[in-house]
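Reader: Could you take me through the pockets of this model and what lines them?

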Amino acid sequence: MLTLALDIGGTKLAVGLVNPAGDLLHSFVQPTPKHQDAEHVWSVLDRMIADAITTADGAVAAVGIGCAGPIDGVAGTVSPINIPSWQGFALRDRVASVVADVPVELAGDGTCMALGEHWRGAGDGARFMLGMVVSTGVGGGLVFDGKPYHGRTGNAGHVGHVVVEPDGQRCACGGQGCVETVASGPWMTRWALANGWAGPPDADAVALADAAQAGDAAALSAFQRGATALAAMIASVGAVCDLDLVVLGGGVARSGPLLFDPLRAALANYAGLSFVRGLRVVPAALGGNAGLIGAAALVSRVT
């Protein structure tokens with residue numbers, strides 16, 4: 001039997017079929033519709049679910065959903081910052097209505113990314129782990145003693161909204177100075193353009209990384225600034241949660257040493273406590289599939 005896995009974010013909608021061993025057998029991916037109403041976004045996801053069910057040929061035994069947050073894990077609703085039309089959207093019930101008579105579990109997409117990496121990726125047997133995605137936003141999820149930690153409402157692990165600049169920019173979440181406003185791809189690109197990078201106005205983090213690789217000073221400074229903010233957040237979360245591993249994925253993280261080298265250097269400076277100094281930060285291993293595999297883990301009882 002298979003688990004139907006959903007991974008929903010501001011950039012893409014992904015639906016997959018995962019076997020009990022955690023192998024992703026099929027996946028279906030579409031860009032998240034921009035500037036569309038709630039029902040239009042749902043209609044795209046609904047068609048993808050239908051295609052997956054047809055492919056599974058009746059073998060779906062459960063559904064796991066990872067969605068950008070905030071979520072309400074009790075009510076089963078979602079209010080993703082990067083999908084503005086889905087505010088209080090009853091996602092769990094909608095999915096349950098089209099995949100009837102099987103268990104349906106909902107968690108934050110960061111939690112699912114962390115679970116996926118812990119199960120089949122770079123988790124490396126870590127008992128206390130933070131999984132992070134640095135992309136359009138900065139998301140995260142926590143695995144404590146080998147189990148997902150959801151928190152009171154299902155929103156534990158929202159590390160992108162740890163404040164690193166008290167007088168910084170206003171964030172889409174409504175707060176100010178969040179790490180997302182410094183280290184996410186769009187914010188890094190925007191900062192570089194405002195500080196001397198001659199990239200095109202519609203440039204993205206890939207173009208920024210190319211410019212940094214070529215030695216552009218403003219692009220390099222944007223990566224240094226983003227990495228330093230991430231390191232400050234990681235040191236803080238590591239001290240609070242007594243972590244032994246951070247797994248970092250997402251589009252910005254795929255820039256490799258451009259991000260990881262200054263991040264590790266800054267973390268060595270911020271991590272003063274002995275138990276934080278041993279904290280390892282490693283690249284994610286599953287790429288864009290971590291969320292789907294982790295969503296399946298919600299209902300596969302593997303952690």
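Author: The second largest pocket comes first; a pocket here is an open set of points on a 1 Å grid over the protein atoms alone, where a 1.4 Å probe fits, with protein on both sides within 12 Å along at least five of seven lines. With grid points joined across faces, edges and corners, and volume taken as the space filled by probe spheres set on the points, the second largest pocket has about 260 Å³.

Reader: Which helix gives the largest share of the lining of the second largest pocket?

Author: This is a predicted model, in which local features need pLDDT of at least 70 and side-chain atom pairs pLDDT 80 or more, while totals for chains, interfaces and linings use all residues. Residues are numbered from 1 along each chain as its sequence is written, and side-chain values use heavy atoms, without hydrogens and water. Lining residues have an atom within 4 Å of a point, and both α5 (185-194) and α6 (205-213), helices being DSSP runs of H or I with at least four residues, supply at least two of them. The largest share, four residues, comes from α6.

Reader: Which residues lie nearest the centre of the second largest pocket?

Author: Its lining comprises 14 residues. Nearest the centre are D204, A205, V206, G251 and V252.

Reader: What volume does the largest pocket have, and which element supplies the largest share of its lining?

Author: The largest pocket holds about 910 Å³, and among its 45 lining residues D109, V133, S135, T136 and G250 are the closest to its centre. The largest share of that lining, five residues, is from α3.

Methods: Helix = DSSP H or I, 4+ residues; strand = E, 2+ residues; numbered from the N terminus.
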